[in-house]
Amino acid sequence: MGASIDASAGRAEREPGGADCAALHPDGADEIIHQPLRLRIMAVLNSLPTREPLDFTQLRASVQATDGNLGAHLGTLERAGYVEIHKDFVGKRPRTRVSISAGGRLAFARHVAYLRGVIDLASPRP
Amino acid sequence: MEISSDQALDALQQVHDAQRRISIQMGYGRGAPHFLLWGVIWIVGFTLSYLYPAEATRLWLVLDVAGFVGSVLLARHYRAHCEASSSAIMWRMVALVLTAVGFVIASYAIFLPHEAAQFAVFPALLFAAIYIGLGLWRGMRWVVAGLVLAALALVGYFLLTQYLMLWMAAVGGGTLLTTGFWLRRG
């Protein structure tokens, strides 16, 4: 987190008179990431070092999800290009690991910056 | 997509909670091999101390150095596979262990323990206290391990003095091994 956002980059793409937060954070809320479980998945994966994958079972424990639910949401994130799913075998046991992509990190940083922007704008100014 | 400030606050809280959970989990993963290593060292060290009490000092010197080197190698192995930034963490852990060893030596110099049982239990209590302290930031499993270890060491010291070394080998070393497997489960 904490990536700086170029606020001017996409301002021209916004409708005039849009929300202030949209002007500050031109990418707005990321609807794919904003879903609560996907947000937790991205938060966990974003905490890992670059390209470091996390075991499916560890991810399931940290985001507190069921196998099926986690699998479905990972599919959504993978289709969006935000995560990469690696399947292999350790001995005879199948192993699934998940890592965040560079695009996923950027999207997550933008979404978090957007959320902070929403809170900042709602906070009373001194 | 419109998001209210309350929803944004809730979302950021979820991000924070998820990151805290994975941080604790990763800490457990990093700590597990160290507990397993020192569990084995305790079992070997205390068993041999019971069998060959006259050699106990030299024996523990060798085992402690071996354990220290093993811990550094484990930390380096983790660093090579995971985090570039863990270098700082590794050296902080090394400094913490050296501080603890220095504390034990200084304490012996001041309090002049004269029984083998005192030499055996004091470091165990110190490391139990360190686990508890770490656990206040790094997760409850460290706290539980520290409390169990301290309680068992005191039970052995006050109630089973004659068999303290065997007690520390079986129960103390066993606690460290069990904690290692528990932490490894994540």
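The exercises below, each with a worked solution, concern a predicted model of two chains, A and B.

**Exercise 1.** Determine the strand order of the open sheet in chain A, and state which strands lie at its edges.

*Solution.* Begin with the order, which for this open sheet of 3 strands is β1-β3-β2, with antiparallel pairing. Next, look for strands that pair on one side only, and these prove to be β1 (54-55) and β2 (83-90) of chain A. Then examine one pairing in detail: β1(A) and β3(A) are joined in the antiparallel sense over 2 bridges, and Asp55(A) has Arg97(A) in β3(A) as its bridge partner.

**Exercise 2.** Describe how α3(A) and α5(A) are placed against the strands.

*Solution.* Take α3(A) to begin with, which lies across β1, β2 and β3 of chain A and runs at about 85 degrees to β3(A). Turn then to α5(A), which lies across β2 and β3 of chain A, at about 120 degrees to β2(A).

**Exercise 3.** Identify which element gives the most to the largest nonpolar core, and trace the contacts of Leu59(A).

*Solution.* The largest nonpolar core has 32 residues, and Leu59(A) is one of those with the most contacts inside it. Among the elements giving two or more residues are α3 (36-47) and α6 (102-122) of chain A, together with α1 (5-51) of chain B; α6(A) gives the most, with 7 residues. Leaving aside neighbours within four places in sequence, Leu59(A) is in contact with Ile41(A), Val44(A), Leu54(A), Leu70(A) and Val98(A).

**Exercise 4.** Characterise the side of chain A that touches chain B.

*Solution.* The contact takes 21 residues from chain A and 19 residues from chain B. On the chain A side, α3(A) gives the most, with 6 residues, and the residues of this side divide into 13 nonpolar, 5 polar and 3 charged.

Terms used:
Residues numbered from 1 in each chain as written. Chains lettered and ligands numbered in written order. Predicted model: local features only at pLDDT ≥ 70, side-chain atom pairs only at ≥ 80, totals over all residues. Core = buried A, V, L, I, M, F, W, Y, C linked by C-beta atoms within 7 Å. Buried ≥ 20, exposed ≤ 12 C-beta atoms within 10 Å, placed from the backbone. Helix = DSSP H or I, 4+ residues; strand = E, 2+ residues; numbered from the N terminus. Contact = placed C-beta atoms within 7 Å. Nonpolar A, V, L, I, M, F, W, Y, C, P; charged D, E, K, R; others polar. Pairing = 2+ DSSP bridges. Axes fitted to C-alpha atoms, helices over the stretch in contact; angles between N-to-C directions.
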